[in-house]
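I opened this structure for the first time today. These are my notes, in the order I looked things up.

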Amino acid sequence: MSAASPSGAFPYRLIATDLDGTLLRSDESVSRRTRDALAAATQAGAAHIVVTGRAVPWTRHILDDLGYHGLAVCGQGAQVYDAGEHRLLTSVTLDRQLAGVALAKIEAEVGPLYLAASRDGLEGDVIAGPGYTLTGNLPATPFTDVADLWAAPLNKIYIQHPELSDDALAEAARLAAGGFVNVAMAGAGIVELLPLGLSKATGLSLAARRLGLKAADTIAFGDMPNDVPMFGWAAHSVAMANAHEELKAVADEVTSSNEEDGIAVVLERLLG
């Protein structure tokens, strides 16, 4: 439910926005209208936190281009990053032994998977194995020996299947290995295995606490099932018109698409 607000005041102290499919348009830009609406909301006293499934190395260039200097929650909640200081404040890594058990259990149910992984740290690269298809133009390092998957600390493992849809793969992974890892579906071709108990909500709550803010202060915007925990945490949740139906089903409202300034539409209304 929305928080009540005094006349003429912006009703939330924290604006949490996903990146892909939400804040960003398909060309990875942010419209002038959306930039202006966020600037007006921050001038009215709200903080803006980017909350993305991308790990820091895949997020930093976007934040720098936006001139974003606040906190960002990256890696599906695993990392809290100070964009102004280019400093990693917190980082949660995946237990590689549990992840190996999880992969074995999933493959026992659905057959061989295509794999990629996000390594921990400010400079941690994404490594991609044979058959894995990366989305967009994001950089990755290929590997052929599965031992390379476990050679360094990881934030997450990405899985793809040659036949199953993303939704079907995510459901099968939860059923087979939900007691060992969290499973998130973050976009087309992006099903992830995460540290057990980790979600955007846990990362956002840590970042909010650093700002002296809480769930009751928060409005959240997103577009994919990995945003469901964040929507459950925030006082008010807004799904984009282009959002996955699973997310729309739990949202407090649905706005215009990311291509049609959906965040700005809501913020302008709240700003009056």
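The entries below go through sheets, strands, a helix, cores and ring pairs.

**Entry 1: the model.** I note at the start that this is a predicted model. I read every value below with that in mind.

**Entry 2: the eight-stranded sheet.** I looked up the strand order. Eight strands make an open sheet, running β5-β4-β3-β2-β1-β12-β13-β14, and their pairing is mixed. Which strands stand at the edges? They are β5 (87-91) and β14 (253-254). Each has a single partner strand, so one side of each lacks a neighbour in the sheet. I added one general reminder: strands of a sheet pair through backbone hydrogen bonds, either parallel or antiparallel.

**Entry 3: strand β1.** I went to β1 next and checked its partners. With strand β12 (residues 218-222), β1 (residues 14-17) pairs in the parallel sense over four bridges. I found L14 opposite T218, and I15 opposite I219. With strand β2 (residues 47-51), β1 also runs parallel, and four bridges join the two. There, T17 has V50 as its bridge partner.

I then asked how the link from β1 to β2 is made. β1, helix α1 (residues 32-43) and β2 form a β-α-β unit, and the unit is right-handed.

Are the faces of β1 covered or open? Both are covered. L14 and A16 lie on one side, I15 and T17 on the other, and all are buried.

**Entry 4: T218.** I followed L14 across to its partner. T218 sits in strand β12. Its relative accessibility is 0%, so T218 counts as buried. Where does its side chain reach? The side chain of T218 comes to 3.0 Å from the backbone oxygen of K214. I listed the contacts of T218, leaving out residues up to four places away in sequence: Y12, L14, A16, L204, W233, A234, A235 and H236.

**Entry 5: helix α5.** L204 from that list took me to α5 (residues 200-210), where L204 is one of the buried residues. The others are K200, A201, G203, S205, A207 and A208. What covers them? The cover includes β1, β2, β3 (71-74), β4 (79-82), β12 and α6 (228-233).

I checked the two ends of α5 as well. At the N-terminal end, S199 acts as a cap, with a side-chain oxygen 3.1 Å from the backbone nitrogen of A201. After the helix comes G212, with a positive phi near 75°.

**Entry 6: the cores.** I looked up the nonpolar cores. The largest has 48 residues. Within this core, I15, I49, F221 and L267 have the most contacts. I picked I49 and read its neighbours, again without residues up to four places away in sequence. Among them are L14, I15, A16 and T17. I49 also touches Y68, L71, A72 and V73, as well as L204, A207, A208 and L211. A second core is separate and has 27 residues, including A99, I106, A176 and L193.

**Entry 7: the six-stranded sheet.** L193 led me to another sheet. I found an open sheet of six strands in the order β8-β7-β6-β9-β11-β10, with mixed pairing. β8 (141-142) and β10 (181-187) are its edge strands, and each pairs on one side only. I checked one pair inside the sheet. β9 and strand β11 (residues 190-195) run antiparallel and are joined by three bridges. L193 in β11 is the bridge partner of I157.

**Entry 8: aromatic pairs.** How many aromatic pairs does the structure hold? There are three. The rings of F10 and Y12 have centres 6.3 Å apart and planes at 75°, so I logged this pair as edge-to-face. F10 is buried, with a relative accessible area of 10%. Y12 is buried too, at 3%.

W58 and Y158 also have ring centres 6.3 Å apart, but their planes are at 35°, so this pair is tilted. The pair links distant parts of the chain: W58 is in helix α2 (residues 56-66) and Y158 in strand β9 (residues 154-160), 100 residues apart. W58 counts as buried at 10% relative accessibility. Y158 counts as buried at 4%. My last find was a cluster: ring pairs link W58, Y132 and Y158.

Technical notes
Residues are numbered from 1 along each chain as its sequence is written. This is a predicted model: local features need pLDDT of at least 70, side-chain atom pairs count only at pLDDT 80 or more; totals for chains, interfaces and linings use all residues. Side-chain values use heavy atoms; hydrogens and water are left out. Two strands pair if DSSP finds at least two bridges between them. Rings of Phe, Tyr and Trp (its six-membered ring) pair if their centres lie within 6.5 Å; planes under 30 degrees apart count as stacked, over 60 as edge-to-face and the rest as tilted. Buried means under 20% relative accessible area, exposed over 50%, partly exposed in between (1.4 Å probe, protein chains only). A crossover is right-handed if, with the strands pointing away from the viewer, the path from the first strand over the helix to the second runs clockwise. Contact means heavy atoms within 4.5 Å. A polar contact is a pair of N or O atoms within 3.5 Å; within protein, one must be able to donate a hydrogen and the other to accept it, and residues adjacent in sequence count only if both atoms are side-chain atoms. A nonpolar core is a set of buried Ala, Val, Leu, Ile, Met, Phe, Trp, Tyr and Cys residues joined through side-chain atoms within 4.5 Å.
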